[in-house]
Amino acid sequence: MSVTEGLRVRGIVVVCPEGEPTLPEIDDVEMVHVPSRPGKADIDPLLGEHDHLVVAGTDADLAAVALRLLRKEQLSGVSLGFVPSSPDSDVARIWSLPTQPLRALSLALRGEVDPVPLIRDDTGGVLVGRGVIGMIRGVAYCDEHIVLRGPARSIEVEPDTSGPGLMVRVTKGTLFKRPSTRYARAFQLGCIPTRPSSDGVAHPRAMSRWTWYRHTEDLRLVRGLD
C-alpha cells in the first residue's frame, strides 16, 4: 500500500544524500535530489512552485532549507515536513517527530502545520535543532540575566515553545555537576575564542562573541495529524 494512497499529497520531497537510502519506494510523489545542506541554487527555484517542502536528510539539511526560506522571505508562505535520516535527530526528539522512514514520510506529506521557533545567530545562520558550545570561559546572558561568569563544560541551546523561544542549558564544573536550565528569547556569549556547533555542524572559525536568538517569524513545521 502506498504511503500516499487516499491522501492529498502536498509539495515535493527534497532528498539529501543521507536521506535517500532510508526512503520507501513511492511512485506518486515527486522527488528532487540535492546536495547535503542545499543552497540557493538548489532550493530557490522550488519556492515559486510549491508551498510545502518535505526535507529528507539531516538536521543540518533542514536548517539549510529553512535558511533559504528566511532569505527569500518565504517563512510565512512555505511549510516544511521532515524525514530524519538518523534516529538520533535532535529536531525529531525536540518536536516528537517519527524517525521510522515510512511513518515520518506519511506525516510529512499529510500532517498539519504547527509553527515552531526558528533560532538565528548573529553570523547569518539558523538553528532548527541543537546548538552546542563546549569547554569555554566567558560571560553569558539569557536576555538580561547572567547565566555564566567563568568556565563551563558546555552550553546547549534548543528551540522551545513553552517559553520565550530558547531553552539554554549551562553545565559548569565537574562531570557530576548538575546543569542549570533557563528559558529566554536571546542567548549572548563573550568568551575566549571557541567554535560553536549548530545542528551538528561546527562554525568554520573560532568566535569570541556569539548570539542565538528567536526570529520574529516561526518555522511552519508539520508536526501532527488532523
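Start by selecting Val201, which sits in strand E14 (residues 201-202); helices (H or I, at least four residues) and strands (E, at least two) are DSSP runs, numbered from the N terminus. You are looking at a predicted model, where local features need pLDDT of at least 70, side-chain atom pairs count only at pLDDT 80 or more, and totals for chains, interfaces and linings use all residues. Residues are numbered from 1 along each chain as its sequence is written, and side-chain values use heavy atoms, with hydrogens and water left out.

Val201 has a relative accessible area of 24%, so it is partly exposed (buried means under 20% relative accessible area, exposed over 50%, partly exposed in between, with a 1.4 Å probe and protein chains only). Show what surrounds it: leaving aside neighbours within four places in sequence, Val201 is in contact with Arg37, Ala60 and Pro196, contact being heavy atoms within 4.5 Å. Add Val116 too: Val201 and Val116 are 85 residues apart in sequence and 21 Å apart in space, C-alpha to C-alpha.

Next, select helix H1 (residues 40-47) and helix H2 (residues 59-71), whose axes come within 10 Å and cross at roughly 60°. That makes H1 oblique to H2; angles under 35 degrees count as roughly parallel, over 145 as roughly antiparallel, 65 to 115 as roughly perpendicular and the rest as oblique. The axes are lines fitted to C-alpha atoms, for helices over the stretch in contact, and angles run from 0 to 180 degrees between N-to-C directions. Turn on side chains here: Lys40, Ile43, Asp44 and Leu47 in H1 meet Val65, Arg68 and Leu69 in H2.

Step past H1 to His50, in the loop between H1 and E3. His50 counts as buried, at 16% relative accessibility. Apart from neighbours within four places in sequence, His50 is in contact with Gly11, Ile12, Glu30 and Val78.

Now for the interior. In the largest nonpolar core, Leu53, Leu80, Leu97, Val128 and Leu219 touch the most other members of its 33 residues; a nonpolar core is a set of buried Ala, Val, Leu, Ile, Met, Phe, Trp, Tyr and Cys residues joined through side-chain atoms within 4.5 Å. Colour H2 again, since H2 gives the most to this core, with seven residues. Then centre on Leu219: not counting residues up to four places away in sequence, Leu219 touches Ala66, Leu75, Leu80, Asp114, Pro115, Val116, Leu118 and Val128. Last stop: a second, separate core of 21 residues, which includes Ile133, Leu148, Val157 and Cys191.
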